[in-house]
Protein chains: 2
Amino acid sequence: MAKDEDASRPAGLVFDAWRGVLFATSRTLQIAEPDLIAKAGFPLTWLDVLAQLYDAGDDGLRMQELEGRSLFTRSGLTRLVDRIETAGLVRREAVPGDRRGVRVVLTAEGRRRHDAAFIDHNILIERKFGRRLTEVQLRAVAEALAPFWHDDEAPTEG
Amino acid sequence: MAKDEDASRPAGLVFDAWRGVLFATSRTLQIAEPDLIAKAGFPLTWLDVLAQLYDAGDDGLRMQELEGRSLFTRSGLTRLVDRIETAGLVRREAVPGDRRGVRVVLTAEGRRRHDAAFIDHNILIERKFGRRLTEVQLRAVAEALAPFWHDDEAPTEG
DNA sequence: TATCAGTTATTGACATAGCAGATACTGTCG
DNA sequence: CGACAGTATCTGCTATGTCAATAACTGATA
């Protein structure tokens, strides 16, 4: 018994929605990742970092700030930035007035590669994700999941 | 569609919807993973496998089938199943009539641990994901993203 | 029955991420 | 100055995932 209603929230509904979110993410990323590597020559993790630095402007970001805006740990970021730096897409610079700190800045090459990758990536997301939903559905999903943008569980840097 | 409003172009919509899906997944998993490890003693990857085997019934699943139902590669699965087997939660058995094959089956202990973990995990998903959406939103998300469950991505551009 | 292409699963070499501890610097207090 | 607590970043060890190559087996063919 206990068909579904009665409970303010049918358990199966949450499960189905969660499953949808999970699979949409995984499936799309599984296509987007190799695509990005083929076209841009670097993985999504790099694009995350490059995009953050792009948005941050000319002064770049400190490792600490980068950590706050990404889904990596500090040590993971250190190595990630190492690789991107070795590839010449970012540069570590001294922070005036704090010799402990480092700020990470896009190089000209990094900016170029970011721009190209960003465009390619968005086209792919449109094709593999967006195209599977109607406009009404897109709007519903975007609206329903918007709360997760600003995460109240995680510390948000100001 | 052909709803041409300047304020909400489909491109921006796709981006917002994708961003929502991405963030909902990341934020929720970042909480669910440590929680599961604390309560069940194993990570989400194990639960994925255990849940698939649970659903599959007494005969379990072959590695191949497990691969099709999960988001791992074959070799990744081999090692994942190795670990779970070492922990005693699954068992590899011969497949009658095909000596290449292996079928993976839940042990009694595996079933117990699965049940407990599944309950805990669902409670957490309800709390951290489901509770942020209304029932209408849940329904909309579940419906919109259901196509991703069975992903038969057309090999050519679709 | 010998062979050969295809299938199933594992293994080896390698890449990347996390945790915990190390390293380098800052600012304060005596 | 010298000690100390706090901050910013990096490194060592380890865990886990992927790709490419391998081993074991199947079914068909000559």
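## The sheet of chain A

In chain A, strand S1 (residues 61-62) runs antiparallel to S3(A), and two bridges join them. Strands here are DSSP runs of E with at least two residues, helices are runs of H or I with at least four, and both are numbered from the N terminus. Two strands count as paired if DSSP finds at least two bridges between them. This is a predicted model, in which local features need pLDDT of at least 70, side-chain atom pairs count only at pLDDT 80 or more, and totals for chains, interfaces and linings use all residues. Residues are numbered from 1 along each chain as its sequence is written, chains are lettered from A and ligands numbered from 1 in the order written, and side-chain values use heavy atoms, without hydrogens and water.

What stands opposite Arg103(A) of S3(A)? Arg62(A) does, and so does Glu93(A). Strand S2 (residues 90-95) of chain A is also antiparallel to S3(A), with six bridges. Arg92(A) stands opposite Val104(A) in S3(A). The hairpin of S2(A) and S3(A) has two residues between its strands. In this hairpin, Gly97(A) takes a positive phi near 90°.

Now put the strands in order. Chain A has an open sheet of three strands, S1-S3-S2, with antiparallel pairing. S1 and S2 of chain A are the edge strands, and each pairs on one side only. Strands of a sheet pair through backbone hydrogen bonds, either parallel or antiparallel.

## Helices on the sheet of chain A

Helix H2 (residues 44-56) of chain A packs on the sheet. H2(A) touches S1, S2 and S3 of chain A, and its direction makes about 100° with that of S3(A). Touching means contact, with heavy atoms within 4.5 Å. For the angles, axes are lines fitted to C-alpha atoms, for helices over the stretch in contact, and the angle between N-to-C directions runs from 0 to 180 degrees.

H4(A) packs on the sheet too. H4(A) touches S2 and S3 of chain A, at about 120° to the direction of S2(A).

## The sheet of chain B

Chain B also has an open sheet of three strands, in the order S1-S3-S2, with antiparallel pairing. Why is one side of S1 and S2 of chain B left without a neighbour in the sheet? Strands S1 (61-62) and S2 (90-95) stand at the edges, so each has a single partner strand.

S1(B) pairs with strand S3 (residues 98-106) of chain B over two bridges, in the antiparallel sense. Arg62(B) has Arg103(B) as its bridge partner in S3(B). Helix H2 (residues 44-56) of chain B lies across S1, S2 and S3 of chain B and runs at about 100° to S3(B).

## How the two chains relate

A turn of 180° and a shift of 0.4 Å along the axis lay chain B on chain A, with an RMSD of 0.7 Å. That is the relation of a two-fold axis. The copies are superposed by least squares on the C-alpha atoms of residues with pLDDT of at least 70 in both.

Of the interface residues of chain B, 85% are also interface residues in chain A, so the copies meet through the same surface.

## Around DNA strand C

DNA strand C is surrounded by 22 residues. The closest are Thr73(A), Ser75(A), Gln64(B), Arg79(B) and Arg92(B). A residue is near a strand if one of its heavy atoms lies within 4 Å of it. The residues of this surface divide into four nonpolar, eight polar and 10 charged. Nonpolar means Ala, Val, Leu, Ile, Met, Phe, Trp, Tyr, Cys and Pro; charged means Asp, Glu, Lys and Arg; the others, Gly among them, are polar.

Sugar or phosphate holds 63% of the atoms of DNA strand C within 4 Å of the protein, and bases hold the rest. An N or O atom in the side chain of Thr73(A) is 2.7 Å from a phosphate oxygen. For Gln64(B), the distance to a phosphate oxygen is 2.6 Å. Arg79(B) has a polar side-chain atom 2.5 Å from a base oxygen.

## Around DNA strand D

Which residues come nearest to DNA strand D? Of the 21 around this strand, they are Arg79(A), Arg92(A), Thr73(B), Arg79(B) and Arg83(B). Sugar and phosphate account for 58% of the atoms of DNA strand D that come within 4 Å of the protein. The residues of this surface divide into three nonpolar, eight polar and 10 charged.

Thr73(B) has a polar side-chain atom 2.7 Å from a phosphate oxygen of DNA strand D. Arg83(B) has one 2.7 Å from a phosphate oxygen as well. In chain A, an N or O atom in the side chain of Gln64(A) is 2.8 Å from a phosphate oxygen of DNA strand D. A polar contact is a pair of N or O atoms within 3.5 Å; within protein, one must be able to donate a hydrogen and the other to accept it, and residues adjacent in sequence count only if both atoms are side-chain atoms.
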